[in-house]
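I opened my notebook today to look up how aromatic rings meet in this model. Here is what I was looking at.

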Amino acid sequence: MKILITGGAGLVGSECCRLFAEKGCYVISVDNYMRGRLLGKEADTSIIMKKLLKEYDIEHHEMDIRDPKIIGLLKKVDAVIHTAAQPSHPRSIEIPLEDFQINAWGTLLLLEGLRKHNRDAIFIFCSTNKVYGDAPNYFAYKIIGKRYEPVDPRIWDGFDETLRIDQTLHTPFGISKIAADLYTQEYAKLYGLKTGVFRMGCITGGAAMAVEKHNWEPYFVRKALTGETLTIYGYKGYQVRDVIHARDLAKLFYEFINDPKPGEVYNIGGGRKNSISLLEAIDLIEKITGKKIKYKHGPTREGDHIWWITNLKKVKSHYPQWNITYTLKDIFKEIYEAQLELLNIKN
């Protein structure tokens with residue numbers, strides 16, 4: 001099987017490259033390393049690709065997903081895993097046009113390329129829980145220990161795919177992802193393509209780059225290691241996120257490719273089991289690293305969720321053989337080891 005992975009040097013893309021190569025697939029990667037330009041030199045993922053190419057037999061192209069030459073790659077693959085994106089909702093506020101061109105227009109170009117040249121290929125789109133905007137913030141929460149928890153017990157296990165997506169604040173990132181998300185669904189329903197949408201929460205792992213505007217987990221770990229002061233934006237650190245390792249996500253994509261359900265939409269994240277507040281994350285990081293994190297409180301950022309846990313009921317019912325294998329402790333320990341290695345390389 002031939003697999004095209006866009007954003008192959010990124011967090012999710014690199015884990016997909018690893019997994020599918022290990023499964024014996026012929027892996028084709030596309031990445032133009034734009035992340036470094038968008039989010040700063042600390043976000044540069046070229047180092048990840050260099051490592052991948054040493055470890056695996058991967059065909060890699062330094063290419064923008066909007067380059068017409070990508071059609072030649074689309075024609076010869078059995079599946080496309082589309083992870084390439086402008087990934088930061090704070091950054092999207094500063095560059096709304098470029099955000100749209102990458103996330104919405106770029107995705108549409110890939111879908112249209114498959115419709116015209118390879119209708120049998122499976123297409124996986126990495127969407128986001130930001131398509132729901134700040135709808136989760138319209139629910140009531142109370143502080144329990146070092147975290148917020150919902151007052152309404154019906155959402156205790158998280159938000160499912162029925163949460164509304166309109167009449168909320170999204171940031172341009174959420175809007176561009178909604179457009180791409182809906183186009184991906186439409187190309188299944190209207191044109192018969194085998195597409196699947198995965199609305200992701202906090203995806204992380206050792207390959208995640210530590211930048212303030214994206215990938216908060218390695219950024220927190222980096223602050224512990226450097227001793228620099230961390231800024232927690234809004235909600236005093238009681239805000240809750242659910243965390244999933246990118247490797248577990250790649251395994252889910254593998255299941256979907258082997259049993260595609262065209263046009264389906266899945267919320268995907270760590271679920272209740274892998275949920276953690278920022279204050280709880282600081283405690284865990286301090287325990288793993290043996291270092292105290294100095295932090296201060298900053299203003300609330302536009303579109304930030306007070307509380308997000310992913311309800312995994314639908315995805316687990318469709319793919320019962322899939323499960324989360326990385327615990328929170330596993331994840332943060334791997335991030336710690338990866339950040340140590342990166343700091344040693346730079347020093």
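My entries on ring pairs, burial and charges over rings follow.

**Entry 1, the count.** I began by reminding myself that this is a predicted model. I then looked up the aromatic pairs, and the count came to 15.

**Entry 2, Tyr141 and Trp307.** I picked this pair and found the ring centres 5.7 Å apart with the planes at 35 degrees, so I noted the pair as tilted. Next I checked where the partners sit: Tyr141 is in strand E6 (residues 141-144), while Trp307 is in the loop between strand E14 (295-298) and helix H11 (313-318). The pair therefore ties together parts that are 166 residues apart in sequence. Buried or exposed, I wondered about Tyr141? Tyr141 has 14% relative accessibility, so I put it down as buried. Trp307 is buried too, with a relative accessible area of 0%.

**Entry 3, Tyr266 and Tyr319.** Here I read ring centres 6.0 Å apart and planes at 65 degrees, so this pair is edge-to-face. Tyr266 belongs to strand E12 (residues 264-268) and Tyr319 to the loop between H11 and helix H12 (328-346), so the contact joins parts 53 residues apart in sequence. I found both Tyr266 and Tyr319 buried.

**Entry 4, charges over these rings.** I looked for lysines next. The charged end of Lys261 sits over the ring of Tyr319, 5.4 Å from its centre. Over the ring of Tyr266 I found the charged end of Lys314, 5.3 Å from the ring centre.

**Entry 5, back to Tyr141 and Trp307.** Which residues do ring pairs link into a cluster with them? I listed Tyr132, Phe139, Phe159 and Trp308 alongside Tyr141 and Trp307.

Methods: Residues are numbered from 1 along each chain as its sequence is written. This is a predicted model: local features need pLDDT of at least 70, side-chain atom pairs count only at pLDDT 80 or more; totals for chains, interfaces and linings use all residues. Side-chain values use heavy atoms; hydrogens and water are left out. Rings of Phe, Tyr and Trp (its six-membered ring) pair if their centres lie within 6.5 Å; planes under 30 degrees apart count as stacked, over 60 as edge-to-face and the rest as tilted. Helices (H or I, at least four residues) and strands (E, at least two) are DSSP runs, numbered from the N terminus. Buried means under 20% relative accessible area, exposed over 50%, partly exposed in between (1.4 Å probe, protein chains only). A charge sits over a ring if NZ of Lys or CZ of Arg is within 6 Å of the ring centre and within 35 degrees of the ring normal.
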